[in-house]
Amino acid sequence: MKKIVYLLLLLFSYTAYSQSLSLFNLDASSFPTIKAKFFAFDAAGKQITNFSPSDFTVTENGVPRTVTNVSCPSPRPTAALSSVLTIDVSGSMYGIGISIAKSAAKTWIDALTLGKSECAITSFDDNNYINQDFTTDRTKLQKSITGLQANGGTDYDIGLLKPIAGSLEISKAGKYKKVVVFLTDGQPNQPPQINQIVAEANSQGCAIYSVVVGMNCPQSLKDISSQTGGQWFENVNTEEDAKNVYQQILMTAQGGEPCKIQWQSGISCFAGITNVELRI
């Protein structure tokens, strides 16, 4: 039997009741039974969980597969967050990069239960900037995002650690569960101080989620996110990709759990990548 390698693809399916759908964590260890996790969100960014197997179609390289099981967690109260959205505004972010960043941040702000949670906006290049300190005012947060412009270099230490507006400087004042979402599109100008960043984040109980636009995630960010209880995402190439990633991070950070799906695969005559598409 040829070895089958599964490549995760995010497929966004639009229906009358669903805005977005993301598939991840494919598990082929029990082949031909394939397992995966997914989040589905409505137009308001709320998770949808009332599914059955007949609601879905799965294809592998265009070949239909049989969905055998879908299960979703019972809804539970969301955790209050003190979130810091940190955005790379270096020169390489000019154009599509800054548009992706703004769209993702606005998606987070729209979906966050402000009043129960608070949010701050920071940015960085060779310096760091506090665009909006912790607030529950959605209008102030959105306005701070709109005004972002790209210029300068890329310094992860400046963005995450250093005074006066590094993510972890701002998160110190957070009242609730602390979360940093760090978006960048470039390698740092110099190696970041991973141990110091991780130590400071863990001392605050602050999870760092890394979102990398247009390229693979640098190992430094993988280490920082993995060691602080966060996650990392790479090759985010469109505004739609970024919106779905931020929705997934928000749901996870608030204590939400993904749904699970299972289907029966088939034997392929060819070795290589299998593209998996999930549709509602």
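**Second pocket, helix 5 and nonpolar cores**

The second largest pocket is lined by 20 residues, with Q47, R76, T78, M251 and Q254 lying nearest its centre. A pocket here is an open set of points, on a 1 Å grid over the protein atoms alone, with protein on both sides within 12 Å along at least five of seven lines; lining residues have an atom within 4 Å of a point. The model is predicted: local features need pLDDT of at least 70, side-chain atom pairs count only at pLDDT 80 or more, and totals for chains, interfaces and linings use all residues. Residues are numbered from 1 along each chain as its sequence is written, and side-chain values use heavy atoms, without hydrogens and water.

**Pocket lining**
- Helix 7 (residues 239-253; helices are DSSP runs of H or I, at least four residues, and strands are runs of E, at least two) gives the most to this lining, with three residues.

**Helix 5**
- In helix 5 (residues 194-204), I197, V198, A201 and Q204 are buried (under 20% relative accessible area, 1.4 Å probe, protein chains only).
- These buried residues fall within an arc of 135° seen down the helix axis (directions from the axis to the C-beta atoms), so they line one face of helix 5.
- G205, which follows helix 5, has a positive phi near 70°.

**Nonpolar cores**
- The largest nonpolar core (buried Ala, Val, Leu, Ile, Met, Phe, Trp, Tyr and Cys residues joined through side-chain atoms within 4.5 Å) has 36 residues, and W108, Y246 and I249 are among those with the most contacts inside it.
- Helix 1 gives the most to this core, with eight residues.
- A second, separate core of 22 residues includes F124, L160, V212 and M215.

Note on methods. 1 Å grid on protein atoms, 1.4 Å probe; cavity = no way out; pocket = protein on both sides within 12 Å on 5 of 7 lines; lining within 4 Å. Buried < 20%, exposed > 50% of the residue type's maximum accessible area, 1.4 Å probe, protein only.
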